[in-house]
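Welcome, and please bring the model up in your viewer. We will walk through it one selection at a time.

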Amino acid sequence: MEQLDFYPGLDIYPTTDPIGFNYGKEVFGPAVELRTLDSIRKSLRDPTCQGPEIVYSIAMDVGKEIHKSLLQELHLLYGVVTYAAGTLGDEPIRSQGHIHIRSSFANGWSTPEVYEIWQGEAIIYMQESGSDNPERCIAIQGKPGDVILVPPGWVHATISASIDTPLTFGAWCDRNYGFDYNEVRVHQGIAWFPVIGKEKTIEWKKIKTTSLLYWK
């Protein structure tokens, strides 16, 4: 069980072997879902790359038992994610990138997401559109205790900037939180790939694809 650099007020702690979470007393949470390298290859710069077999684990809908009914009433959901240490070829560990589906609770809007960094350093990459033209592309780096907001309707991906150590974070979203990967997968990834440069700094390279569809 890993000790956290930032205590979020919940007795939830990441584990590395196996990758996942331990829940403390008076805390609820599901069995973790695992994202394997094979399941995300199509969204990577090099789909044939080497990396951890389990890239990250995710537990959606966690919290304190005393807040469970209130969270349901407010239609809010808190999830926790922990990333493996290491790399995906020349890329840092990262998620595929997605847009949130439109929520019936939010009158058909794609809802925002609020990230809270617990351990390690994260880069939250955002692009304004999932169409051929991604429009504005922004990357914000966060350390333990930092909070980063993703606007409604933006494609976003979470990237580990702490190459040699695991990354753990929490995120608030609407309870109807479904992920839409379609536009990202059509374009074979996000518009800009994070690449590990000299001295393990993160550099950015625009996606190149042989597909007829591409980011302009």
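Start by selecting β15, β14 and β17: in this predicted model these three strands, in that order, make an open sheet with antiparallel pairing. Its edges are β15 (137-142) and β17 (155-160), each of which pairs on one side only. Ignoring direction, neighbouring strands here are turned by 20° against each other on average.

Next, put β14 (residues 122-127) in the centre of your view. β14 pairs with β15 in the antiparallel sense over six bridges, and the pairing of β14 with β17 is antiparallel over six bridges too. Show the side chain of isoleucine 124. Which residue of β15 does isoleucine 124 stand opposite? Look for isoleucine 140. Now turn to β17, where threonine 158 is the bridge partner of isoleucine 124.

Stay on β17 and colour its residues by accessibility. Are its faces covered or open? Both faces are covered: Val155, Ala157 and Ile159 are buried on one side, and His156, Thr158 and Ser160 are buried on the other. That makes six of six residues buried in β17.

From β17, move to isoleucine 93, whose contacts beyond four places in sequence include Thr158, Ile159 and Ser160. Isoleucine 93 belongs to the loop between β9 (91-92) and β10 (99-100). Despite sitting in a loop, isoleucine 93 counts as buried because its relative accessible area is 0%. Other residues in contact with isoleucine 93 include Pro52, Val55, Tyr83 and Leu88. For a distance check, pick the C-alpha atoms of isoleucine 93 and serine 39: these residues are 54 places apart in sequence and 14 Å apart in space.

Now select the other sheet on our route. Six strands form this open sheet, in the order β4-β5-β7-β18-β13-β16, and the pairing is antiparallel. β4 (33-36) and β16 (147-150) are the edge strands, each pairing on one side only. From one strand to the next, the twist averages 25°. Within this sheet, zoom in on β5 (residues 54-60) and β7 (residues 76-83), an antiparallel pair with five bridges. Methionine 60 has glycine 79 in β7 as its bridge partner.

Time to show the aromatic rings. How many aromatic pairs does the structure hold? There are six. Take the pair of tyrosine 115 and phenylalanine 169: the ring centres are 5.6 Å apart and the planes are at 50°, so this pair is tilted. Tyrosine 115 is in strand β13 (residues 113-119) and phenylalanine 169 in strand β18 (residues 167-174), so the pair ties together parts that are 54 residues apart in sequence. Tyrosine 115 is buried at 3% relative accessibility, and phenylalanine 169 is buried at 4%. Add Tyr56 and Tyr83 to your selection, and you have one aromatic cluster together with Tyr115 and Phe169.

One more ring is worth a stop: phenylalanine 28. The charged end of lysine 68 sits over this ring, 4.9 Å from its centre.

Finally, recolour by pLDDT. The mean for the protein is 88, and 91% of its residues reach 70 or more. Then select residues 209-216, where pLDDT stays under 50. The model has 25 contacts beyond four places in sequence for this stretch.

Definitions and conventions. Residues numbered from 1 in each chain as written. Predicted model: local features only at pLDDT ≥ 70, side-chain atom pairs only at ≥ 80, totals over all residues. Heavy atoms only, no water. Phe/Tyr/Trp six-rings, centres within 6.5 Å; stacked < 30°, edge-to-face > 60°. Helix = DSSP H or I, 4+ residues; strand = E, 2+ residues; numbered from the N terminus. Buried < 20%, exposed > 50% of the residue type's maximum accessible area, 1.4 Å probe, protein only. Lys NZ or Arg CZ within 6 Å of the ring centre and 35° of its normal. Pairing = 2+ DSSP bridges. Axes fitted to C-alpha atoms, helices over the stretch in contact; angles between N-to-C directions. pLDDT = per-residue confidence, 0-100. Contact = heavy atoms within 4.5 Å.
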